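Student: I have a structure open and would like to learn how to read it. Can we go through it feature by feature?

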Amino acid sequence: MQGTMQDVPLLISRILVHGSTVHGRSTVTTWTDEGPVRRTYAETGARSAQLAHALRGLGVAEGDPVGTLMWNNGDHVEAYFAIPSMGAVLHTLNLRLPATQLAFIVNHAADRVIIASGTVLPLLAPLLPKLPSVEHVVVSGPGDRSVLAGAGSGVRVHEYEELIAGRPTAYEWPELDERAAAALCYTSGTTGDPKGVVYSHRSVYLHSMQVNMAQSMGLTDHDTSLVVVPQFHVNAWGLPHATFMTGVNLLMPDRFLQPAPLAEMIETERPTHAAAVPTIWQGLLTELTARPRDVSSLTQVTIGGAACPPALMEAFDALGMRVCHAWGMTETSPLGTVARPPAQARGAEEEWAYRVTQGRFPAGVEARLTGPDGERLPWDGKSAGELEVRGPWIAGAYYGGAGGEPQRPADKFSEDGWLRTGDVGLISPDGFLTLTDRAKDVVKSGGEWISSVALENELMAHPEVAEAAVIAVPDEKWGERPLATVVLKEGASAGLPELRAFLAGRIAKWQLPERWTVIESVPKTSVGKFDKKVLRARYAEGELDVTRLQ
Ligand code: AMP
């Protein structure tokens, strides 16, 4: 028997039309040099239609990728809706990537048009001669245009505002196949070339609904969300699309991502929610400690992208901001798990034990753990293995390039099609995930695994430690041992022996690092996570001044 329900495709254009009418008075606010600039959802809808007309005028057709090299701002939100709604593919470009990787990505996707923030033109201009597919650059917002003069012969440069001005404010959005490509995002490529994940309209739609679930971010039109997580980092965790379903006001920081302007934005614009990776929050915490502000509006903070140190959570709790830890990856759209304690948790201690996990799997994400010999491990809260997931917003392959077949490398996809996350962890019987490490970061010491994240979390609980990163280094006796690299807070007086003694009281003795070093800051990846690859290379080159403490 067939179901008798209507087969209406799940399209991003429907989210746009819904948001810009039903929630037409909700706002997208962009932080600028001259203060906040506000547009309503209704205006955003009209301008998205204008942008779609303009892109069609430049020859963009269904299935064409359109690159965006932009900060989080109102124009970028318009691109988020116009490009997929017209049937083209939104290709967000990470403006913090090294130039060679950025060129690889644009060439692999064969972008014909790039919309770029004016302030990132100095990055784009020298690259243009190496981007043969690019025919048009559309420049948005402030920034010196002259840097483009002479860069890339044959590339036509347009002003965003001039290009959309006077165009019709409505667009007959095509009735697309919901499985068609909507957005393309490349992984940050910690090993090998970046790999492209192609989200479909259907996956974005379903993921947006998940973001909006009460057990997920659960925001409504009463909320304002400060979207610090970049729009080029897994579609800003799905927020711009999800918020247009529910009318959440968006507060976009543009390029003002330093702790001081973020604190000012929170004080003056009074967002209720914010989302970012832990390193951003660490910086904001230092700022708020040095120069207290009224941040009382901000009651919910989503932290993900890397393990959130419990000490950071505690510090934010003390400021009245409740941190909600979440896990995901480019391949998972990204929302996988969100750590909201279950109803059965009794008392603060039990709640806390749930909050510091990576979170609970929603109905749309199936999970399993695989042991070193390929065996399935139980959800018993004890057995640690590699996490594999599947679901309607989980990647089943990587983009194979124009005309190429989708790629399913065996280290990324199981034979039966599940995504192999490369994350190692355990799952409780009630579906809460605790990650112990990335498979490649775990310290394999004499047949036992030491979680680098667990050591980092304990070290960062020391009041004088600003940041700590632990890497595996070769050891003659044990194969590998942990090296603790520590960043001390300004004016700290603690020495390494004291930190070692502090750690000794908190972890098993055999896990205690013998090798220690103080560094100025932990190197970060293009999306603000600890870059342990760089630390490993520095160690291998003998650049770290390592002290041995027994
Ligand atoms: P990306 O695709 O660049 O967002 O990276 C995804 C990876 O970030 C995951 O596979 C995890 O290793 C890591 N990650 C994301 N969220 C968390 C979290 N809450 N705790 C620990 N690791 C995380």
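Student: How many disulfides does a search of the whole structure find?

Tutor: Start with the idea. A disulfide is a covalent bond between the sulfur atoms of two cysteines. This is a predicted model, and a search of the whole structure finds zero disulfides.

Student: Why is Cys 308 without a bond to Cys 324?

Tutor: Check the distance. A disulfide needs two cysteine sulfur atoms within 2.5 Å. The closest cysteine sulfur to that of Cys 308 belongs to Cys 324, and it is 10 Å away, so it is too far for a bond.

Student: Is Cys 308 buried or exposed?

Tutor: Use the cut-off: buried means under 20% relative accessible area. Cys 308 has 3% relative accessibility, so it counts as buried. Cys 185 is buried too, at 2%.

Student: Now the ligand. Which residues come nearest to it?

Tutor: There are 16 residues around the ligand, and Ala 326, Thr 330, Asp 423, Arg 438 and Lys 529 come nearest. By type, the shell has six nonpolar, seven polar and three charged residues.

Student: Which polar atoms lie close to ligand atoms, and at what distances?

Tutor: Look at each pair in turn. A polar side-chain atom of His 233 is 3.1 Å from a ligand oxygen. A polar backbone atom of Gly 305 is 3.0 Å from a ligand nitrogen. For Ala 326, a backbone N or O atom lies 2.7 Å from a ligand nitrogen. On its own the ligand has 500 Å² of accessible area, and the protein covers 89% of that.

Student: Which strand gives the largest share of the shell?

Tutor: That is β14, with four residues. Both β14 (322–328) and β21 (432–438) supply at least two residues of the shell.

Student: Where does the ligand lie with respect to domain 1 and domain 2?

Tutor: See which domains give residues to the shell. Domain 1 (12–335) and domain 2 (365–439) both do, so the ligand lies between them.

Student: What should I look for in the backbone?

Tutor: Look for exceptions. Most residues other than glycine have a negative phi, and most peptide bonds are trans. Here the peptide bond from Ser 333 to Pro 334 is cis, with omega near 10°. Pro 334 sits in the loop between β14 and β15 (335–338).

Student: Which residues other than glycine have a positive phi?

Tutor: Val 234 is one of them, with phi near 45°. Val 234 belongs to helix α8 (residues 234–237) and is buried, at 2% relative accessible area. Asp 254 has a positive phi of about 50°. Asp 254 lies in the loop between β11 (249–252) and α10 (259–269), and is buried at 10%.

Key: Residues numbered from 1 in each chain as written. Predicted model: local features only at pLDDT ≥ 70, side-chain atom pairs only at ≥ 80, totals over all residues. Heavy atoms only, no water. Buried < 20%, exposed > 50% of the residue type's maximum accessible area, 1.4 Å probe, protein only. Near = heavy atom within 4 Å. Polar contact = N/O pair within 3.5 Å; in protein donor to acceptor, adjacent residues only side chain to side chain. Areas by Shrake-Rupley, 256 points an atom, 1.4 Å probe, with all protein chains shown as cover. Nonpolar A, V, L, I, M, F, W, Y, C, P; charged D, E, K, R; others polar. Domains from an automatic or database assignment.
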